[in-house]
Amino acid sequence: MKKFTYLWLTCLVILSFACEKDTEEINNTQPDIPAANRSVGASANDFLSTDKFTTLTIEVDYMQGYQPTTQTITNLRNFLSTLLNKSSITIKLQEIPAQGSETYSISQIRAIEEENRDFYNVGEELTAYILFLDGYAESDEGNQVTLGVAHRNTSAALYQRRIRENSGGLGQVSRTTLESSVLNHELGHLLGLVNIGTAMETPHEDGENNGHCDDDSCLMYWAIESGGIIPGMMDSRVPSLDTNCRNDLRANGGK
Ligand SMILES: [Zn+2]
Ligand SMILES: [Zn+2]
C-alpha cells in the first residue's frame, strides 16, 4: 500500500505594505533605489509594457550550495520572453555566502537583499532581484510550509532548502519542475497576478486566497498539495498560466 505524506506547499505574497514611497524624479543615469521599495504588483505594467522600460535585468543571488538548476534559469527566461514586451532579458547569477539560518523572516530577507543587490533601475532598464535561501520560511508550521514569497514590487525569494526536500527524490517531482513552478509563480505576482496590480478582465481571483487564481491547473493557483504535485505539474511539466491570467497580462501591456 502506498503511503502518502500530505504537505501544503504554499506561496506567500505580501499584500499589505506600510512603507510605500513615492518615487522621486531622478537623474536618468542614477540607479533608482527607492523605486525598488514599493508593494508587490506596483511594477506590473513596467514589466509588461514598453512604456517606461525597454529592457529587463534579473539578478539571481543564491546562497552557497543552493544554486538553482541551469534549466530553471532557462525556463524563467522562456516564460518571461513569451509575456513581456522587452527587447532584451538578462539574467545574472551570483553566489553569496550561506547564512546558515534555520528560518528567514521577511525583514531578514529584505536585509539580505539590501546588502547584496547590485542592480537597480536606471534609464530604460528595469531590474528585479531573486534570492535563493538556505533555510525555511519563518511562518512554516507543521506540514504547512511555504516555498516562495513575492515581497516587494521587484523582489522575490525562494526557500530553496524546502524546495530541495520536496523534489528530486523517489516519487517526487523533479528539482527543476518544482524550482521553476515556484520561481515562475513568484514572477507572476510581480506581474500583478492575480488582481494585485494587473486588473482582471474576467473575475477569477480565489476568494479565499487573495492574489491567486481560482483555476487549480493554473500556475497562479495558491497551493501545491499532497506530495508536492498539483494537477498542472504532472508529468514533470511546469504549470502554465491559464487563459484568464494570460488575458489579464495582455490587457496590461504584455504580449
Ligand atoms: Zn502565490
Ligand atoms: Zn490563472
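The following exercises, with worked solutions, concern a predicted model.

Local features require pLDDT of at least 70, side-chain atom pairs count only at pLDDT 80 or more, and totals for chains, interfaces and linings use all residues. Residues are numbered from 1 along each chain as written, chains are lettered from A and ligands numbered from 1 in written order, and side-chain values use heavy atoms without hydrogens or water.

**Exercise 1.** Determine which residues donate to the zinc ion (ligand 2) and what geometry the site has.

*Solution.*
1. Donors are N, O and S atoms within 2.8 Å of the metal (3.2 Å for Na, K and Ca); water is not among the atoms, so sites may look incomplete.
2. The protein donors are Cys-213 (SG), Cys-218 (SG), Asp-242 (OD) and Cys-245 (SG), lying 2.3 Å from the zinc ion (ligand 2).
3. Along the sequence, these donor residues follow the spacing C-x4-C-x23-D-x2-C.
4. Four donors count as tetrahedral if all angles lie between 85 and 135 degrees.
5. The angles among the 4 donor atoms are 98 to 117°, and the site is tetrahedral.

**Exercise 2.** Explain why strand S7 is largely enclosed, and state how S7 is connected to strand S8.

*Solution.*
1. Strands (E, at least two residues) are DSSP runs, numbered from the N terminus.
2. Buried means under 20% relative accessible area (1.4 Å probe, protein chains only).
3. Because 8 of the 9 residues of S7 (residues 144–152) are buried, the rest of the structure largely encloses this strand.
4. Two strands pair if DSSP finds at least two bridges between them.
5. S7 pairs with S8 (residues 155–159) in the antiparallel sense over 4 bridges, and Arg-152 has Ser-155 in S8 as its bridge partner.
6. A hairpin of 2 residues joins S7 to S8.

Note on methods:
Buried < 20%, exposed > 50% of the residue type's maximum accessible area, 1.4 Å probe, protein only. Tetrahedral: all angles 85-135°; square planar, octahedral: opposite > 155°, others 65-115°.
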